[in-house]
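Work through the exercises below with the sequence and the coordinates at hand. Each task is followed by a stepwise solution.

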Amino acid sequence: MAEPRWLGPQGDGWALPPGRAAGAQDGAEEADRDTDQEDADSGSDSGSRGNVGTALGRAVPDGNVLLPDIFHTDHLFFYERFSAYQDYILADCKASEVKQFIAEYLEKVLEPSGWQAVWRTDVFQVVVGVVDVDYSSLKAVVQLGDPFLCESRDSSFTLECMQELLELKQYQILLQELWVVYDESGEFDQTALAVEHVRFFYQWLWRTWDEEEEDEFDYFVRCVEPRLRLHYDILEHRVPSGLVADYQNLLSQCEELYGKFLNVRNSISTSDSEVENVSMVEGLKLYEKVEHLKQKLKVIENPQLRYVFGYQKYGSLQAKGLRTTDTKVIHVVPSTIAASQLQLLMRDKLSPECYGEDVQVQFHNDLLTAVSACYEGDKVIICPGHYIVDGVFCIADSVELEGYGMPDDIVIEKQGKGDNFFDCTGADVRISGLKLVQHDAVEGIINIHRGKTTLENCVLQCETTGITVRMSAELVMKNSDLYGAKGAGVEIYPGSTCTLVHNGIHHCKEGILIKSFLDEPYDVPKITMVKNVIHNNEGYGVVLVRPGPSEVKGASAQTTKGNTQPAQSGDETASVEEVGQEQQPECVTDELERYERAGTSGQTEGNCEIANELGATAAKKSKRHKKRLSELGITEADENFLSQDMFVSVEGNQFKWNGKGSFGTFVF
């Protein structure tokens, strides 16, 4: 019996190298049976001819009964693909060595002949037999199967037509275009997996410009790992749909521009004519655009940068405006309530003294229906109860949602997957007296795209991000409690306005994250923080994303007073490190922790330091950002950036027991 080969990852396990010598005669059959049994028990398959059966599943190709079943290999987990590329295929290869390393891997695991496959293109599928493999070109030498089995969009792909097509291709087909036909023996498991790894790599991980990456970097660490993680983050709905669309658009643009760049570069000769000089200038411009797009792609591929950098998302919600009758409606949920509660509701909320004689009242059993029925100026009154909602609240008009009772008695719980829970674009949206509980979301519990949203006396139990205040939007949050976010409790985008008064923000990854854009001109946000308690967050109380080390000093906010913070021991010093274009940015730890020292009165300058630092950053951002944009060919529109203060007022806030300290910066 031939010795099993070292073959790498399986669909359901791993094929380990055998612990016995090949060719042993005494007890060989018994050892074979033991090994086969162990493989069957562990779900592994070594890919040798002695295996008792396949460890892979089978799939019907697009439901076509004429074509044979194929191996089901596109369901592999992240760690299986990660280990395959890192340990067996790419290892520590450079970008220029990728094809060579893949060819060497295929030589070890791919059966050179004797297997069938379905050759798939956009217009047809046909069964072929593999008679040889050209490893260096990653192609298989094939011949048409007997009998001839083909499916196409029209009847033009006859046996003669396919034969001519193969002759034109010299009977060589790219491996990633082949799907291995299912075989129960297990003999071709490794072949099916190897072809799957090649196909997946060139479909999702490889970029046409990768060969021009600098060879001093580890290609797997630099390119493959972040792209693989992003792919699975998208599959598992951990990336917002807007960011996924941005990434796909950027990738398409980059591929198109890179193709144009290659055409221009290949057309340039060694002559010094005027035409050649013009082509060189055009090529340089295209190259700069490609590099710019590549950097944007790398930001999205990096999970840490995805978290700290903002992205533009334009809500498509359309406001209804006023009713044609000019009347306003109070919507009451639910439609069935106790008589005593109705009496109290009539007295407190529905009396003519509250809204006038011409206001109508409508009762709804479903909360989503009630909000969807609102026009400009309407109000939704929500009675005590636990409301399970499978959907998104899209509020495009100036609407008020008010809980009738205590927030803990009026719970709105999100059920089912989706990007958002509340999407707000109305000019004046008000939400009060509610407890919102988020599950299975990709983005925050409340996403304010534009307009003003006021939260008062609410409890927000988050899962991903808390509240996102996008560019040109405004948040006013008062007397509320926000906790549980795996991201930041409040994400503040450039150009937004955020007023936080007397809130608790706790048990999140970060309390408040002040985002930045990588290369887009913007205004600094306007932030007011008064008497908030930001505590028990995993990272920092407040995090600022900013370019480079501080260059401008002395800018300060308008109001900073009456701030308290628990004393900490030790003399912690600031540490700022600028990160180059090709380096991974680092979150700077303990940047302002030097002000956290014990004082005789217990009073420290925490809020003042934050205001000073962020005010200085507002000025510094302009200088460094303008230089970076100038290098990219982008002109800064706002010359008054230096005069803008980020913090309007910082007063009476408390920062307690945050894992990394009260304030940190993310330097890029």
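The exercises go from the whole chain to its cores and then to helix packing.

The model is predicted, with local features needing pLDDT of at least 70 and side-chain atom pairs counting only at pLDDT 80 or more, while totals for chains, interfaces and linings use all residues. Residues are numbered from 1 along each chain as its sequence is written, and side-chain values use heavy atoms, without hydrogens and water.

**Exercise 1.** Describe the protein by its secondary structure, burial and contacts.

Step 1. Count the elements: there are 13 helices and 38 strands, taken as DSSP runs (helices H or I, at least four residues; strands E, at least two) numbered from the N terminus.

Step 2. Take burial: 50% of the 668 residues count as buried, that is, under 20% relative accessible area with a 1.4 Å probe and protein chains only.

Step 3. Sort the contacts (heavy atoms within 4.5 Å). Of those between residues at least 6 apart in sequence, 69% join residues at least 24 apart.

**Exercise 2.** Locate the largest nonpolar core and examine one of its members.

Step 1. Apply the definition: a nonpolar core is a set of buried Ala, Val, Leu, Ile, Met, Phe, Trp, Tyr and Cys residues joined through side-chain atoms within 4.5 Å.

Step 2. The largest such core has 64 residues, and Ile446, Leu460, Ile467, Leu475 and Ile512 touch the most other members. Helix H12 (residues 367-372) gives the most to this core, with 4 residues.

Step 3. Leaving out residues up to four places away in sequence, Leu460 touches Leu436, Ile445, Ile446, Leu455, Ile467, Asp481, Leu482 and Tyr483.

Step 4. Another core, of 55 residues, lies apart from it and includes Leu106, Trp115, Tyr135 and Tyr219.

**Exercise 3.** Classify the packing of H5 against H2 and against H6.

Step 1. The axes are lines fitted to C-alpha atoms over the stretch in contact, and angles run from 0 to 180 degrees between N-to-C directions.

Step 2. H2 (residues 78-89) and H5 (residues 189-205) pack at about 105°, with axes 11 Å apart. These two helices, H2 and H5, are therefore roughly perpendicular, a class that covers 65 to 115 degrees.

Step 3. Arg81, Ala84, Tyr85 and Ile89 of H2 meet Glu196, His197, Phe200, Phe201 and Leu205 of H5.

Step 4. For H5 and H6 (residues 219-235), the axes come within 10 Å and cross at roughly 85°, so H5 and H6 are also roughly perpendicular to each other.

Step 5. Here H5 supplies Phe200, Phe201, Trp204 and Leu205, and H6 supplies Tyr219, Val224, Arg227, Leu228, His231 and Tyr232.

Terms used:
Angles under 35 degrees count as roughly parallel, over 145 as roughly antiparallel, 65 to 115 as roughly perpendicular and the rest as oblique.
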